[in-house]
Amino acid sequence: MNLNPQNLTSYCCGLPTSFGILSVTCVGIIPAQRGTLSQASLPRRDHMDDDEYAKLFRRMNPPRVVIDNKASDDATVIQVDSVNKQGTLLEVVQVLTDMNLVIKKAYISSDGGWFMDVFKVIHQDGNKITDTQLLDFIQMRIERNAGWFIPPLRSSVGVMPSDEYTTIELAGTDRPGLLSEVSAVLTDLHCNVVNAEIWTHNTRAAAVIHVTDNTTNSAITDPLRLSTIKHLLCNVVGTNSGSRAAKTVFSSCSDTHRERRLHQIMFDDRDYEGVKKRPRTSRPCVTLTNIDKDYTVVTMRSKDRPKLVFDVVCTLTDMQYVVFHGMVSTEPLEAYQEFYIRHVDGLPINSEAEQERVIQCLEAAIERRTSEGLELELSAEDRVGLLSDITRTFRENSLTIVRAEISTREGKAKDTFYVTDVTGNAVESKIVESIRKEIGVSKLKVKECSVLGTSSRGSQETTIGYLLSNIFKSKPLQ
């Protein structure tokens, strides 16, 4: 089978070769059309800077997005075509993830100079996307984002000023009560937490926190005050941190996606090293296989959850690997991903040490956002010190926060906490009820308990591996 965008689309989606997809356009925006100018007709590369050449070629060949609600009975089909460059796949997946869409299936092909991707997506409620304004917005965002270069991996953590808020990034050793101590310090320094996200994994903790000045409700720009904030937070996060102390270097990557920054911070903090192995049935399964010295095939089986594809693609991109082909298939309880990758230098993974490192990093990427523990949702009027009071209550009742998402909007705070007891076990119901009474039963709600796990994929794995093996005319995967 010849691999080209038209054949791959027809083969993967079960559509006729003509693939009559409805083009969705945004009001007031002219829909982008694929340019007809070829690379051969552009000015010679030796007469201009490489970056300028690449920008010119992308401008003459803008991304094209077509959306179809008739091609599939149970999902909206989104096809993306654009000039192939490192990071395009991540940009597209990031747009879908930020809009809280669920990727049921995906088919990827980016050999040569052109990138083609087909996604089958649904709302979190399980339905197709039918809102025309939302469809227009999806198209606009993908066409805009797919044309920009993604900033490289950063390795510094610190405090970053912006116009609306100040972003604080932290990394250090995790321990019970850490978020409570950080929140208390920020309250004492007259900082109001606007938004935040905190991850913990393998004894490490990372946070990206947006704060404003209590009196001005704007960003904190005074260098002396920023230096004081960094110093005091470093003291808190660095307590009992051992050989890997908290990092406090200023960062210049304020435009980087927040969740991508969390992956980068934890990767830089080497949270993937020395992971205590759990039973195989309770952790993701990642395998690597080289095919005819052309590609390294990465296969992953894990419990399905929101943003799983983003976490994997983000990690591969930041580790400087390029996804040339691949597919994603999710079931209600399990996800299967298979990617044909090479390093940015064009070579597959050849050494056993590099293979082991990739496996460790992908397992860590899958596990970082996994919500082990009891999910508690707080809805309350926002006020200065609210986060400090809530987390102190958790700490006083011997609860440990393993992950948290903090947000405020229009004077309302909506926070989600995933908690366990100090030993990592489930929280007793009587403790939860005691905390709810203290905070307010109507304010703090118990959502659910989520635990990482996988199950056997059986014949489906064989079918998927055989599908891709036929497409690329390689040996069947074992």
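**Close-up views of a predicted model**

Of this chain's 478 residues, 54% count as buried, where buried means under 20% relative accessible area, exposed over 50% and partly exposed in between, with a 1.4 Å probe and protein chains only. The model is predicted, so to speak of local features takes a pLDDT of at least 70, side-chain atom pairs count only at pLDDT 80 or more, and totals for chains, interfaces and linings use all residues. Residues are numbered from 1 along each chain as its sequence is written, and side-chain values use heavy atoms, leaving out hydrogens and water.

**View 1. The whole chain holds twelve helices and 16 strands.** Helices (H or I, at least four residues) and strands (E, at least two) are DSSP runs, numbered from the N terminus. Take the contacts with a separation of 6 or more: 73% of them link residues 24 or more positions apart. Contact here means heavy atoms within 4.5 Å.

**View 2. Helix 5 (residues 178-188) meets helix 6 (residues 223-237).** Their axes come within 10 Å and cross at roughly 160 degrees. Axes are lines fitted to C-alpha atoms, for helices over the stretch in contact, and angles run from 0 to 180 degrees between N-to-C directions. The two helices are therefore roughly antiparallel; angles over 145 degrees get that label, those under 35 are roughly parallel, 65 to 115 roughly perpendicular and the rest oblique. On one side of the contact sit Leu178, Glu181, Val182, Val185 and Leu186, and on the other Ile229, Leu232, Leu233, Val236 and Val237. That makes nine nonpolar residues, no polar ones and one charged. Here Ala, Val, Leu, Ile, Met, Phe, Trp, Tyr, Cys and Pro count as nonpolar, Asp, Glu, Lys and Arg as charged, and the others, Gly among them, as polar.

**View 3. Helix 3 (residues 88-98) packs with helix 8 (residues 308-318).** Here the axes are 9 Å apart, at an angle of about 155 degrees, so helix 3 is roughly antiparallel to helix 8. Helix 3 brings Leu89, Leu90, Val93, Gln94 and Thr97, while helix 8 brings Val309, Phe310, Val313, Cys314 and Thr317. By class, there are seven nonpolar, three polar and no charged residues in this contact.

**View 4. Asp213 lies in strand 8 (residues 204-213).** Asp213 counts as buried because its relative accessibility is 8%. Its side chain joins that of Arg225 through a polar contact of 2.2 Å, that is, a pair of N or O atoms within 3.5 Å; within protein, one must be able to donate a hydrogen and the other to accept it, and residues adjacent in sequence count only if both atoms are side-chain atoms. Leaving aside residues up to four places away in sequence, Asp213 touches His190, Ser218, Ile220 and Arg225.
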